[in-house]
Amino acid sequence: MGSRQITEKSLVMLRSLPRLSLANIRDNPGSKHYPKRGRGQHSGDKHGAGNKGSGQRQNYMRLGYETGNNPFYLRMPHEPYYRGHHHRREYPPISLLEIQKLIDTNRIDITKPIDIASIVKSGLYRFFPDQKHFGINLTDEGVDLFATKINIEVQWASELVIAAIEKNGGVITTAYYDPHSLFLLKNPKKFFETGQAIPRRMIPPPDVIEYYTSAEKRGYLADPEKISQERLRLSQKYGYELPKLETDQYFNMLCERKDPRQIFYGLEPGWVVNLKDKCILKPRDEELLQFYAS
Amino acid sequence: MNICVRTKFIRSSLVSSLHRLSTTVPEIEQNDQVLIDDTEEFQAREAEVKKKRNKSRLSAAHFNLVNDRRPYEEPHCLAHLTVKYNRKMYGKYGVASGVNPSLCWPSRKEIEEKKEYEAVAFPYTIRQVMDAAAEKRREEQLRIEQRDIEVATKVAKLEQWKKELNDKVAKKAAEVQAAKQKKERLVEEVRRHFGFTLDPRDERFIEMLAKREKEQKKLEKQAKMEAKEKMMIAKLQQKNVELSEKS
C-alpha cells in the first residue's frame, strides 16, 4: 500500500522535473572552448590576423610566390622539374590505412563499388577540384593492416597498393575524370538541383593516356583480358594466392565498372535526376541519344 | 465536394499549444474521420485564417522559400526568363514548379556548339592518342639505345687513348729533361774552364758559354757526318759484296 503511494508520488515528482535536454547539460570536462571573436573595444580589433597585407586579408599568395621578386625556386638557372609546376595535376593522397578506418567506422559501404564520390561523402577526404585536384592517390601506408574485400576506383595507385587490394580478394581500377565530372562527383546534390542532364566524361589528356590504358596500372581503358593476366602475374611476384572472383558471393558487385563516358554508378549520361520528385528522366529524342552515346 | 481530413492534424497546433507547458504526454486521440464541408464561403474563411496565422512578417517570396516552394510564380526580372533559372526551379522544386522538364536537355543549337567545342578540345580519339604515345616511347627508347652504343664504342677505345696520351706526355717530359741536362753540363764545363765559380750573368761567362755551345754543335755535326759516312761506306761495302757474290 505504502510502496504504491511512494511510486505514485515519485512519478508525479519526476513528471514535474525538467527534462534532460541540450539546454541543461554541462559540457564534457576538458572540452575545448574556442576563444570568442569579439566586436567590442579591445577584443575585436584585428581578431589576431595582424595588421595589413595577406595576413589580415587572409588572401595568401601561392606557394613560392614573392610578390614580383624573382622567386627563390626560379632563381637557380636550371631546375627543369619545376617547369609548369603550377599547372600540373594533383592527386591528394589517401592511404589504405585511412580507407580501412573509414570502412571500420561505417563511413563507406563496401557492399557497393567505392569511387571518389563515396570517399568524399565520408567527409574525411579534403578534395578541391578547383585547385587542380584530379582525384585520389591511394598510398601504401597501412598496407599490412588492410583486410577488406572492396571494389574501389581511384585515380592513382602504386603496384603495392594494387597487390594489397587484390590479395584480399578485391578489385581496383584507376580512372580519369575531367575537372567538370569531378565537381559533379564532389557534390552531386548541387548538380542535380541545377536541373541539368548528366554530362559525359571526357577522355584523358595525352600525357596520362599510357597510365589509364595500361593493364599493370589497372587502367579503366585497358583490355580486361590483359588485366586478368596482370592480376595473376602480380600475385606471383608478391607471392600470394589470387582469390577466385568467379566463385565469390559478391561476384556481381566486384565486376561492376563504369563506362568510360559514365560519371555516376547507375546513372548514364543524358539522364536528369530530380531529387524533389525522386525520379529520373531519360531522353528519348534520337539526336540527344546519339549525342550522349558518342 | 467533401474531403476526409483527420481531426488530429487540424487541431494539432491548438493541442500542442495547450500542452506546451505541461510535461505530461497528451492523451492520444482517436483517429476517427469527420466530414468537412467545402463551400466557397468556408474556403474564403480558411484563407483568411491562414493569412492571419502567418505572423512571420516574411515577404511572399521568402515565405515561399521557407515553406519549400518556388519563390516567384511570375517572373520578376530578366534572369527569371532564362533557361538556366527555369532548369534550377525544376531541379529544386520538381513538377510543382510548373516548368516543362524538356528544358533540362540542351537544344539542338547547344548540342552543335558542344560538338564543335569537343572537336577542337579533343581532336584525337583514344586510339590515336595511344598510338602517338607508343610512338613517342619507341623513339625515346631508340634514342637511348643509340646513345648507349655510342658510349660503349668510346669506352672500348678508352684504354688505347689513355696510353697514347701518357706516352705523349712522357716523351715531352724526357725531351725537356735531356735539354736541361745538356745545358747543365755546358755550364759545368765553362766553370771548370775558369777554375772558379763565376756569376752566370758575367760577360766572360756568357761569351765562353756561347763558344762552348758552338764547339758542341760543331762536334755534334761532325759526329753526324761521320755516322753518315760510315753508313755510306757500309752500304757501299755491302753493295761490293753483293756484286762480287753475283759475279
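This report walks through the contact between two chains, then the aromatic pairs, a buried glutamate and the salt bridges. Keep in mind that the model is predicted.

**Where chain A meets chain B**

Let's start with the contact between the chains. Chain A puts 32 residues into the contact, and chain B puts in 28 residues. Together they bury about 2600 Å², with carbon and sulfur atoms giving 63% of that area. Three residues stand out on the chain A side: A:I203, A:K276 and A:F291 supply 21% of the area that chain A buries against chain B, more than any other three residues.

What about charged and polar links across the contact? There are 3 salt bridges between chain A and chain B. One of them joins the side chains of A:E287 and B:R108, at 2.9 Å from N to O. The count of residue pairs in polar contact between chain A and chain B, with both residues at pLDDT 80 or more, is 6.

Which elements of chain A give two or more residues to the side that touches chain B? They are the helices α1 (2-16), α8 (188-193), α9 (209-213) and α12 (286-293), along with the strands β6 (272-274) and β7 (279-281). Of these, α12(A) has the largest share, with 4 residues. By residue type, the chain A side splits into 15 nonpolar, 7 polar and 10 charged residues.

**Aromatic pairs**

Over all chains, the structure holds 13 aromatic pairs. One of these is A:Y73 with A:Y82, an edge-to-face pair with centres 6.1 Å apart and planes at 85 degrees. The two partners differ in how covered they are: A:Y73 is buried, at 17% relative accessible area, while A:Y82 is partly exposed at 36%.

A:F291, already met above as one of the three residues that supply 21% of chain A's buried area, also has a ring partner. A:F291 and A:Y292 form an edge-to-face pair, 5.1 Å centre to centre, with 65 degrees between the planes. Here both rings belong to buried residues: A:F291 has a relative accessible area of 2%, and A:Y292 has one of 8%.

Ring pairs also build something bigger than a couple. A:Y91, A:F134, A:W156, A:Y176, A:Y211, A:Y212 and A:Y220 are linked by ring pairs into a cluster.

**A buried glutamate in chain A**

A:E166 is worth a look on screen. This glutamate lies in helix α6 (residues 159-167) of chain A, and A:E166 counts as buried because its relative accessible area is 1%, under the 20% cut-off. Which residues does A:E166 touch, leaving out those up to four places away in sequence? They are A:I172, A:R218, A:R231, A:L234, A:Y240, A:L242 and A:P243.

**Salt bridges within the chains**

Side chains of opposite charge can pair when their charged atoms come close. Over all chains, the structure has 26 salt bridges. Here are three that sit within a single chain:

| Salt bridge | Closest N to O distance |
|---|---|
| A:E159 and A:K237 | 3.0 Å |
| B:E150 and B:R147 | 3.3 Å |
| B:K154 and B:E150 | 3.9 Å |

The A:E159 and A:K237 pair ties together distant parts of the chain: A:E159 is in helix α6 of chain A and A:K237 is in helix α10 (residues 224-238) of chain A, 78 residues apart. A:E159 is partly exposed at 29% relative accessible area, whereas A:K237 is exposed at 51%.

The two chain B bridges are local affairs within a helix. B:E150 and B:R147 both lie in helix α6 (residues 126-194) of chain B, 3 residues apart, or about one turn of the helix. On the other side of the bookkeeping, B:K154 and B:E150 are 4 residues apart in helix α6 of chain B, so about one helical turn separates them. B:E150 takes part in both bridges. As for accessibility, B:E150 is partly exposed at 37%, B:R147 is partly exposed at 48% and B:K154 is partly exposed at 45%.

Back in chain A, A:D115, A:E153 and A:K258 are joined into one network by salt bridges that share partners.

**Chain B as a whole**

Chain B has 7 helices and 2 strands, and along the sequence they run β-α-β-α-α-α-α-α-α. Of the 247 residues in chain B, 13% are buried. Among the chain B contacts with a separation of 6 or more, 30% come from residues 24 or more positions apart.

Definitions and conventions: Residues are numbered from 1 along each chain as its sequence is written. Chains are lettered from A and ligands numbered from 1 in the order in which they are written. This is a predicted model: local features need pLDDT of at least 70, side-chain atom pairs count only at pLDDT 80 or more; totals for chains, interfaces and linings use all residues. Side-chain values use heavy atoms; hydrogens and water are left out. Contact means heavy atoms within 4.5 Å. Buried area is the accessible area (1.4 Å probe) that two parts lose on being put together, summed over both. A salt bridge is a side-chain nitrogen of Lys or Arg within 4 Å of a carboxyl oxygen of Asp or Glu. A polar contact is a pair of N or O atoms within 3.5 Å; within protein, one must be able to donate a hydrogen and the other to accept it, and residues adjacent in sequence count only if both atoms are side-chain atoms. Ala, Val, Leu, Ile, Met, Phe, Trp, Tyr, Cys and Pro count as nonpolar, Asp, Glu, Lys and Arg as charged, and the others, Gly among them, as polar. Rings of Phe, Tyr and Trp (its six-membered ring) pair if their centres lie within 6.5 Å; planes under 30 degrees apart count as stacked, over 60 as edge-to-face and the rest as tilted. Buried means under 20% relative accessible area, exposed over 50%, partly exposed in between (1.4 Å probe, protein chains only).
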